[in-house]
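I opened my notebook to get to know a structure that was new to me. Here is what I looked up, step by step.

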Amino acid sequence: MIDVADEENAPLRLTLGSDAYDAIHTSLSSRLAALEGQKDTAYSTDFETKAE
């Protein structure tokens with residue numbers, strides 16, 4: 001943990017253990033899939049401006 005904290009680009013959060021990694025990976029993958037499911041709706045609300 002100390003070596004990681006001393007790294008120039010240390011991670012914001014340190015995951016320790018394969019069980020923690022797997023749980024976080026599963027959770028984030030699920031959240032990313034939900035976000036991707038909303039992409040068309042999100043992009044459809046963009047405001048288009050005319051080039052001057």
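These entries go from the whole chain down to single residues.

**Entry 1: the kind of model.** I noted before anything else that this is a predicted model. I kept that in mind for every value below.

**Entry 2: the elements.** How many helices and strands are there in the protein? I found three helices and zero strands. Reading from the N terminus, I wrote the order down as α-α-α. The radius of gyration came next: it is 19 Å, well over the 10 Å that the globule rule gives for 52 residues, so the protein is more spread out than a compact globule.

**Entry 3: the box.** I then looked up the space that the C-alpha atoms fill. Along the principal axes, the box is roughly 55 × 30 × 5 Å.

**Entry 4: cover and surface.** What share of the 52 residues counts as buried? The value I got is 0%. To count as buried, a residue has to be under 20% relative accessible area. For the protein as a whole, I noted about 5,400 Å² of exposed area, with 53% of it supplied by carbon and sulfur atoms.

**Entry 5: charges.** I looked up the charged side chains and found 4 positive and 11 negative ones. The centres of these two sets lie 12 Å apart.

**Entry 6: a nonpolar patch.** Which residues make the nonpolar surface patch? They are M1, L14 and L16, and the patch covers about 340 Å². I picked L14 for a closer look. L14 sits in the loop between α1, residues 2-5, and α2, residues 18-36. Is L14 buried, exposed or partly exposed? L14 is partly exposed, because its relative accessible area is 41%, and partly exposed lies between the 20% and 50% limits. I also checked L14 against its patch partner M1: the two are 13 residues apart in sequence, and their C-alpha atoms are 8.1 Å apart in space.

**Entry 7: S29.** My next stop was S29, which belongs to helix α2. S29 has 36% relative accessibility, so I put S29 down as partly exposed. I then looked from S29 to E8, which is 21 residues away along the chain, and the C-alpha atoms of the pair are separated by 27 Å.

**Entry 8: A33.** A33 has its place in helix α2 as well. With a relative accessible area of 46%, A33 is partly exposed. How far apart in space are A33 and A10, C-alpha to C-alpha? I found 27 Å for this pair, with their positions 23 residues apart in sequence.

**Last note.** The picture I take away is a predicted model with three helices and zero strands, in which 0% of the residues count as buried.

Terms used. Residues are numbered from 1 along each chain as its sequence is written. This is a predicted model: local features need pLDDT of at least 70, side-chain atom pairs count only at pLDDT 80 or more; totals for chains, interfaces and linings use all residues. Side-chain values use heavy atoms; hydrogens and water are left out. Patches are made of residues with over 30% relative accessible area and no salt bridge: like charges are joined within 9 Å, nonpolar side chains (Val, Leu, Ile, Met, Phe, Trp, Tyr) within 5 Å. Accessible areas come from the Shrake-Rupley method with a 1.4 Å probe; for residues, only the protein chains shown count as cover. A salt bridge is a side-chain nitrogen of Lys or Arg within 4 Å of a carboxyl oxygen of Asp or Glu. Helices (H or I, at least four residues) and strands (E, at least two) are DSSP runs, numbered from the N terminus. Buried means under 20% relative accessible area, exposed over 50%, partly exposed in between (1.4 Å probe, protein chains only). The radius of gyration is taken over C-alpha atoms; the globule rule is 2.2 Å times the number of residues to the power 0.38. Lys and Arg count as positive and Asp and Glu as negative; His and the chain ends are not counted. The place of a charge is taken as NZ of Lys, CZ of Arg, CG of Asp or CD of Glu.
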